[in-house]
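Work through the exercises below with the sequence and the 3D structure at hand. Each task is followed by a solution in steps.

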Amino acid sequence: MGVGVWFLLSWEGHIMAVNPPMSEQPRRICILGGGFGGLYTALRLSQFPWEAAEKPEVILVDQHDRFLFSPLLYELISGELETWEISPPFAELLANTGVRFRQGSAKAIDLDSKRVELQDGSEMIYDRLVLAVGGETPVDIVPGCQEYAIPFRTIGDAYRLQEKLRFLETSDKDKIRVAVVGGGYSGVELACKIADRLEHRGRLRIIEQGNTILGTSAEFNRETARKALTERGIWIDLETTVAQIDADTISLVYKEQTDNIPVDLVLWTVGNRVSPLVRQLPLKQNQRGQLLVTPTLQTPDYPDIFALGDLADCTDAGGEKIPATAQAAMQQADYVAWNIWASLTHRPLLSFRYLSLGEMMTLGTENATLSGLGLKLDGSLAAIVRRLVYLYRLPTLDHQLKVGFNWMTRPLRDMLAP
């Protein structure tokens, strides 16, 4: 995607300006959210050939001090990767880019005065605003979920899960009973990793309200995942909902019958809710609270505001509905960066065109499945390809080199370890 955008840069760079000259006052681009959409937009903006008089101030705001490459979060649970590899500090990633990082959370946005108020009471004026704050996992829709279930979206969630697993592993329990609510990508990947970690002590079940797991997945990946779950003895409860979660039981409803199942750990991977900050904005939204955006990824009534990732209801130039995935957010970031650059340098904006590159899933330790672009792989070879693809997609070349070197030398270090 990035290559295509830079080609357009050289191909369309001759187009003459059609807007009035900009003022000498430096413009400010404020990016809220440091996930795939926000961070990659900031990095792309730093790479454009700004004229000295046109170069804006770019500020990236996120409540955490570290970026999270979430597709590799599962490898923390299995011990295959280390935290620094998948969650480098923003300060490190943005060094020498000219992008300023500010740790904090937005409290309110005044669209008319183009002002962002942060939780600490400070304010920022913007000329262009990028909304990329992502979503959150709702844990208040079932009684007991907030108290007893663990979501799996952040580094904090992973640490909490690690702590719980260590406690259970050192207990005198003969069997460790784990319920994973949600049979989507996250639920299936998480269940396989935990099953491999717990081995013979694990008793896992996936609870899915639909009639199949991985309902939006390619058939090859779905069948490979079913096989992986079966090999690990993971039970699948289809067409089943959760009525309540307690300290050591989970109540399941199947065909109007309720069963109370003993459980030691409940993981909640269901749902994605838009941030309250976004919901309160006077911008056009769908029923889920996602912002409606044009094919140029701008909000219809406020063209100085761009939105991407989980919070954007986006249909691309070809009429394709865009999924809320990391892959889509990274592609959108290229277009948002281009369109901001174009809007400030009097060039034409580009309508987003999504290119599906397929899907990859980890299915346990050193095991994966992938399909896309005419390729279908599973097993250890798929795990290697998946790891290399994600290495390439890490946000900066410097971090790619550090992680790649660590991966290459790890077998030697493990061999030499006492």
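A residue counts as buried under 20% relative accessible area, as exposed over 50% and as partly exposed in between, with a 1.4 Å probe and protein chains only. The model is predicted, so to speak of local features a pLDDT of at least 70 is needed, side-chain atom pairs count only at pLDDT 80 or more, and totals for chains, interfaces and linings use all residues. Residues are numbered from 1 along each chain as its sequence is written, and side-chain values use heavy atoms, with hydrogens and water left out. Helices (H or I, at least four residues) and strands (E, at least two) are DSSP runs, numbered from the N terminus.

**Exercise 1.** Find the loop that holds H346 and decide whether H346 is buried or exposed.

Solution. Step 1: go to the loop between α11 (326-345) and β22 (359-362), where H346 lies. Step 2: read its relative accessibility, which is 11%, so H346 counts as buried. Step 3: check the backbone; phi of H346 is positive, about 65 degrees, although H346 is not a glycine. Most residues other than glycine have a negative phi.

**Exercise 2.** Do the same for E199, in the loop between α8 (185-198) and β11 (202-207).

Solution. Step 1: phi of E199 is near 55 degrees, a positive value in a residue other than glycine. Step 2: the relative accessibility of E199 is 57%, so E199 counts as exposed.

**Exercise 3.** Describe the side chains and the neighbours of strand β7 (residues 128-131).

Solution. Step 1: in a regular strand the side chains alternate between the two faces of the sheet. Step 2: in β7, R128 and V130 point one way, L129 and L131 the other way, and all are buried. Step 3: strands pair if DSSP finds at least two bridges between them. Strand β1 (residues 28-32) runs parallel to β7 and is joined to it by four bridges, with L131 as the bridge partner of L32. Step 4: three bridges join β7 to strand β20 (residues 302-307), also parallel, and I305 of β20 stands opposite L129.

**Exercise 4.** How do the axes of helix α2 (residues 36-47) and α11 cross?

Solution. Step 1: the axes, lines fitted to C-alpha atoms over the stretch in contact, with angles from 0 to 180 degrees between N-to-C directions, come within 8 Å and cross at roughly 40 degrees. Step 2: α2 and α11 are therefore oblique to each other; angles under 35 degrees count as roughly parallel, over 145 as roughly antiparallel, 65 to 115 as roughly perpendicular and the rest as oblique.
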